[in-house]
Amino acid sequence: MRHGRYPFIIGFLAAPVLLYVVFVVSPYLQAFYISLTDWKGVSANPRFIGLENFSRLLDDEVFWAAVRHHGVLLLAMPLVTIVIALFFSFLLNLGGGQRGGRMTGIGGSQVYRVIFFLPQVLAVAIVGVLFQTIYRPDGSGVINGLLGKIGIEPVGWLIEPGLALWSIIGVVVWQAVGFYVVLFSAGMSSIPSDVFEAAALDGAGRFTLFFKITLPLLWDTMQVAWVYLGIAAFDCFALVQVLSVDRGGPDNSTTVLPMEIWRTAFNFSKFGYASAMGVALFFMTITFAALTLRVTRRERIEF
Amino acid sequence: MSNMAGTPGDITRRQMLRRIGLTALIAGPGAGLLSACATSGTSPAPATSAAPSASGAVSAANPFGVAADAPLEVVIFKGGLGDSYATEVHEPLYKKAFPKATVKHVATQQIAQTLQPRFASGEVPDMIANSGTDLMDNGALQQEGQLLELTELWDAPSIDDPSKKVRDMVAPGTVESGLIANKPYLMNYVFSAYGLWYDSALFEKNGWTPPKTFEEFKTFCEKVKAAGIVPFAYAGKNASYYAYWMILISAAKIEGNQLLVDIDNLVDGVWKRESVKQSAAAWAEIGKYMDKSFEGLIHTEVQTRQNQGKIALYPSGSWLENEQSSQIPKEFKYALTPTPSVTAADAMPFEAIRAAAGEAYIVPAKAKNPKGGLEYLRIMLSKEGARGFTQKSGNITVVTGAADGLELSPGNASLSAAQTAAGVNIVTYSSFENWYKELETELRKHTNALMFGRISADEFCDRMQKAADKSKADSSITKQNRTV
């Protein structure tokens, strides 16, 4: 029995590992190599220039603007998304209080669940095009049209340098919330209902139920959510590309690293330098994931 | 830009979706440029150039010695010019000359995304219309030895008159506009003029005349604004270069063409010269008449408003009329007016316009049939080829006299009148847009900031000088130089 098992397991593992090596690991390694060259993307033999691209990064204003934006995204986007998603999923699953000895959600929670999840089904490009119309800076935009009805001047959602990044963060949050509502709902449904019932019998209100029971027991799920959202915060390419003025503007106020990588490679023909940015982004992402998992590590609660 | 047909209008939503689909692969959340665009291993590229392409006998009719049965692959940017000029005019003419050859036609809106991997792997086509928002960097191609030098083409006998060279059949400055490192690599084909476009029917109805000085421009703006029409507009989201063209043209009118040559040559302090400062300040004044929201709109959105009679003057080039032909109402009559004079002491008169050869066609050096590519360009530069191009695309070519006798649209007629009025007062082209893409990107950014009132003319000059200095100091950018 036993010796039959290894070929079986290896057979199943080999194919994915091979695919992974060919399509993920080897391009990464190539990117590391390309980042040490002055490759312009149109010849097959780039010249090796050592760490020059990386030293150039250090005083590249646009690069640092992009890094700062990732910082803002990293702090704001996961936090807002998780808070909203938690609130919604609590309402959907436990907000209705006890009925017939079971915890239930508020009325119509099945309908809300579908509505919340809908944005997640839309491709990010469609979301981008959709929000072009919603954020349009003149009176014909959806939001500005509504504001106009109550006599408020059109707001330049994407053209005010101080507002543009937040508008884009708003889109990311709008799209992500639905997924995390479902994720947290799954987490909540796996918490044994007798824990809630016991607490409810002892007179705990919704507030206490949420902060003293739900939140601690959801910790693992939230940790996963934070890492996912954090990694998503290092992307945002498509939305910035579709929504922002002049691809990352106005005045660099919305640019992100994938945008700059794309521009540096395809517009400036500096594939080597773009790869250096890619390598920097790789390390930022890895560092973030490792840090998050370490900092948020807690003792597991068994139930 | 030299990519004149590559006006922002042709970034459609569908195109955007496709682009995102592609770039999502490349610029995913992890390290950027991965499998999709990596080099083909570490081994040197297959030396396709080493194998001499089969060639035919050189004759008067076949000056490059094209092999009669060698297949030809043509890649056309399908933007404002369409691609029917290639499929219905130039390719049939080539087939007529070489009946045994097969011509493969590829039309794309993303030149770089389509061709970049092919250049990296050595499988290149024989002729490329390199334009559009995503054109390939001609400077980089030339530095990597990927471009065929076109001296042979310009010195070849013309199809129409074998006693003359091809270079003698085109508008003055055409060959020069295609120089990289002082050698001709680009065949700039479309003759374009730049200025402010307006609907002459609307102007007539309101009794307006286009302003000749910036003083008049401001009075004009007040008058037009009072009539409920926006006096001047451009789309900041993707067409800020329309505005920087105007700033550069005005600066050149103040100081003379040497300014544009010096900008291209990255001469120290050129962006801080009085002419640039005066021009930027003058245009920033006009920017105040724009609606703030235009910064977040795209070319087509703003253009539609001009079609609806809501915008008076729109800065652009001569391809605009053709690009908009299906959108404009019947009574709309395009007309061009030069940029107004800034000072009384301008080096060039009001009538001076910028007219230059643009829209680069290239032959890859490592193509399988480069001689066929050259011959294809020679066919394009014949009277028949150029005339057909004008008929199909609505744009005039660099071939002198090829459009004679064709009935001109209102816009083209106005353009031709403007050219006659300008005489020798032609504002020269700019090459930095192709040579130094990073500088160009900075200029787009700061033009929006200036025109929408976030920075002053002085700040604009300072920032541009800083950007130019940075490009100059960047050893990874190969420096170019032009004398005329």
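This passage walks through a predicted model of two chains, A and B, from confidence scores to contacts, hollow spaces and a few backbone oddities.

A look at confidence comes first. The model as a whole scores an ipTM of 0.85 and a pTM of 0.81. Chain B has a mean pLDDT of 86, with 89% of its residues at 70 or more. One stretch of chain B is another story: over residues 1–53, pLDDT stays under 50. The model still gives that stretch 135 contacts beyond four places in sequence. Low pLDDT is a reason not to read predicted coordinates in detail.

Next up is the meeting of the two chains. On the chain A side, 59 residues are in contact with chain B, and 60 residues of chain B take part in return. Together the chains bury about 5,100 Å² between them, and carbon and sulfur atoms account for 58% of that area. Which three residues of chain A supply more of its buried area than any other three? They are A:V42, A:D246 and A:F266, which supply 13% of the area that chain A buries against chain B.

Charged side chains also link the partners. Between chain A and chain B the count comes to nine salt bridges. One example pairs the side chains of A:K270 and B:D474, with 2.9 Å from N to O. Over all chains, a search of the whole structure turns up 30 salt bridges. The A:K270 and B:D474 pair joins two chains, because A:K270 sits in the loop between α12 and α13 (271–295) of chain A, while B:D474 belongs to the segment after α19 (457–473) of chain B.

Now for the empty spaces. The structure has two cavities of 30 Å³ or more. The second largest cavity holds about 80 Å³ of space. Its lining is made up of 13 residues, and those nearest the centre are A:F266, A:S269, B:Q116, B:M136 and B:D137. A:F266 also turned up above, among the three residues that supply 13% of the area chain A buries against chain B. Both chains help to build the wall of this cavity: α12 (257–267) of chain A, along with α3 (111–121) and α4 (138–143) of chain B, each give at least two residues to the lining. Sorted by class, that lining has nine nonpolar residues, two polar and two charged.

Pockets are worth a look too. The second largest pocket has about 670 Å³ of space, and 28 residues line it. Nearest its centre lie B:A171, B:P172, B:F191, B:A355 and B:Q419. Three elements of chain B, namely β10 (353–362), α16 (410–422) and β11 (426–427), each contribute at least two lining residues. This pocket's lining splits into 17 nonpolar, ten polar and one charged.

Finally, the backbone of chain A has a couple of quirks. What is the form of the peptide bond from A:G249 to A:P250? That bond is cis, with omega near -5 degrees. A:P250 itself is in the loop that runs between α11 (237–243) and α12 of chain A. The other quirk concerns A:C236, which is not a glycine and yet has a positive phi of about 60 degrees. A:C236 also sits in a loop, the one between α10 (219–233) and α11 of chain A.

Key:
Residues are numbered from 1 along each chain as its sequence is written. Chains are lettered from A and ligands numbered from 1 in the order in which they are written. Side-chain values use heavy atoms; hydrogens and water are left out. On a 1 Å grid over the protein atoms alone, a cavity is a set of points where a 1.4 Å probe fits but cannot get out, and a pocket is an open set with protein on both sides within 12 Å along at least five of seven lines; lining residues have an atom within 4 Å of a point. Grid points are joined across faces, edges and corners, and a volume is the space filled by probe spheres set on the points. Helices (H or I, at least four residues) and strands (E, at least two) are DSSP runs, numbered from the N terminus. Ala, Val, Leu, Ile, Met, Phe, Trp, Tyr, Cys and Pro count as nonpolar, Asp, Glu, Lys and Arg as charged, and the others, Gly among them, as polar. pLDDT is the predictor's confidence in each residue, from 0 to 100. Contact means heavy atoms within 4.5 Å. Buried area is the accessible area (1.4 Å probe) that two parts lose on being put together, summed over both. A salt bridge is a side-chain nitrogen of Lys or Arg within 4 Å of a carboxyl oxygen of Asp or Glu.
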